[in-house]
Amino acid sequence: MTTEAGRRRLPRRSLEETRVLMLEAATKLVCAGTGDTSEAAVSAALAHIRVKQVTEEATRIMRERLGDDRAPAITTGSIYQIWPAQADFQAELLFHLTTRQAELVPSLPDSIRRFEEAIDNGITWREALNDVLTHNHENHRVDPIYRVMLGFYASAANPRVREALGHYGDSFTKVACEAYQALLDAYGLRMRAPYEVEHLATTLAALLDGFHMRWIAGYADLDDPERRDGWSLLTRAAVALFEQFTEPTQPSGTTGHVQSTPSTPT
């Protein structure tokens, strides 16, 4: 028996079978990256950033600010005096981006100002909450840093990425708590036991993230079901959550739940 004849004849594979196999293999490779704890995971999250490009852009910014096109360029060598390895630079960049993204939009002072103006103008807390969350949604759905942040979650198995995302979550929750507490105080509301303002901030942040991502993905079902100008399905859901988590502050000197107004005697 010849070598050719001794070979086991393999079944022929159709193009459709090859397509299915390729997609299955590619899916496994893509999913494998989500469990990567190596430094490569940080690099993957920022793979499009090259130190040489960064030095060129940094030089351009520096010369523009100085108004001097002949100012000495920032060199790659000077960068490596700060960060010995590209992974170190990428890790700090990741932390910087998450810190930037943790800023409240609108800012805390601006949110408080809006709440105070709403009170003065006789606007309900529901309208005030709709106002700030609509501003937040309009900003995040076009914010390039927010879109970059979404990509980091795929590499969250890496300790550095997870630490940076944790820092972002903690920092954002802290400032969001201050904003929501200001709204509660302005309108005489409090958290309904057993909820605390941190639970409200965390839940609303998760809600907002979900709606931001659905908008970015092009979903067309986010309009206000009540067809009111300035409202959306997002803010309707946020108001519903806020109502479930809060209640009116009880009058001083009373205990238990807020007493209802006595009915007029007949």
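This text describes one helix of a predicted model and the two pockets of greatest volume.

Helix H6 is a suitable place to begin. H6 runs over residues 86–101, 16 residues in total, and its first and last C-alpha atoms lie 22 Å apart, close to the 22 Å expected at 1.5 Å a residue. Several of its residues are buried, which here means under 20% relative accessible area. In H6 these are Ala87, Phe89, Gln90, Ala91, Leu93, Leu94, Leu97, Thr98 and Gln101.

H6 also leads to the largest pocket, since the largest share of that pocket's lining, six residues, comes from this helix. The volume of the largest pocket is about 370 Å³. Its lining consists of 18 residues, and those nearest the centre are Val54, Phe89, Leu93, His96 and Leu97. Of these names, Phe89, Leu93 and Leu97 also appear among the buried residues of H6. Helix H4 (51–66) and helix H9 (144–152), like H6, each supply at least two residues of the lining. By class, eleven lining residues are nonpolar, three are polar and four are charged.

The second largest pocket holds about 230 Å³ of space. It is lined by 14 residues, and Tyr168, Phe172, Ala205, Ala206 and Asp209 are the closest to its centre. Helix H8 (125–140), helix H10 (159–186) and helix H11 (197–216) each supply at least two residues of this lining. H11 gives the most, with six residues. In the lining of the second largest pocket, seven residues are nonpolar, six are polar and one is charged.

Terms used
Residues are numbered from 1 along each chain as its sequence is written. This is a predicted model: local features need pLDDT of at least 70, side-chain atom pairs count only at pLDDT 80 or more; totals for chains, interfaces and linings use all residues. Side-chain values use heavy atoms; hydrogens and water are left out. Helices (H or I, at least four residues) and strands (E, at least two) are DSSP runs, numbered from the N terminus. The expected span of a helix is 1.5 Å times one less than its number of residues. Buried means under 20% relative accessible area, exposed over 50%, partly exposed in between (1.4 Å probe, protein chains only). On a 1 Å grid over the protein atoms alone, a cavity is a set of points where a 1.4 Å probe fits but cannot get out, and a pocket is an open set with protein on both sides within 12 Å along at least five of seven lines; lining residues have an atom within 4 Å of a point. Grid points are joined across faces, edges and corners, and a volume is the space filled by probe spheres set on the points. Ala, Val, Leu, Ile, Met, Phe, Trp, Tyr, Cys and Pro count as nonpolar, Asp, Glu, Lys and Arg as charged, and the others, Gly among them, as polar.
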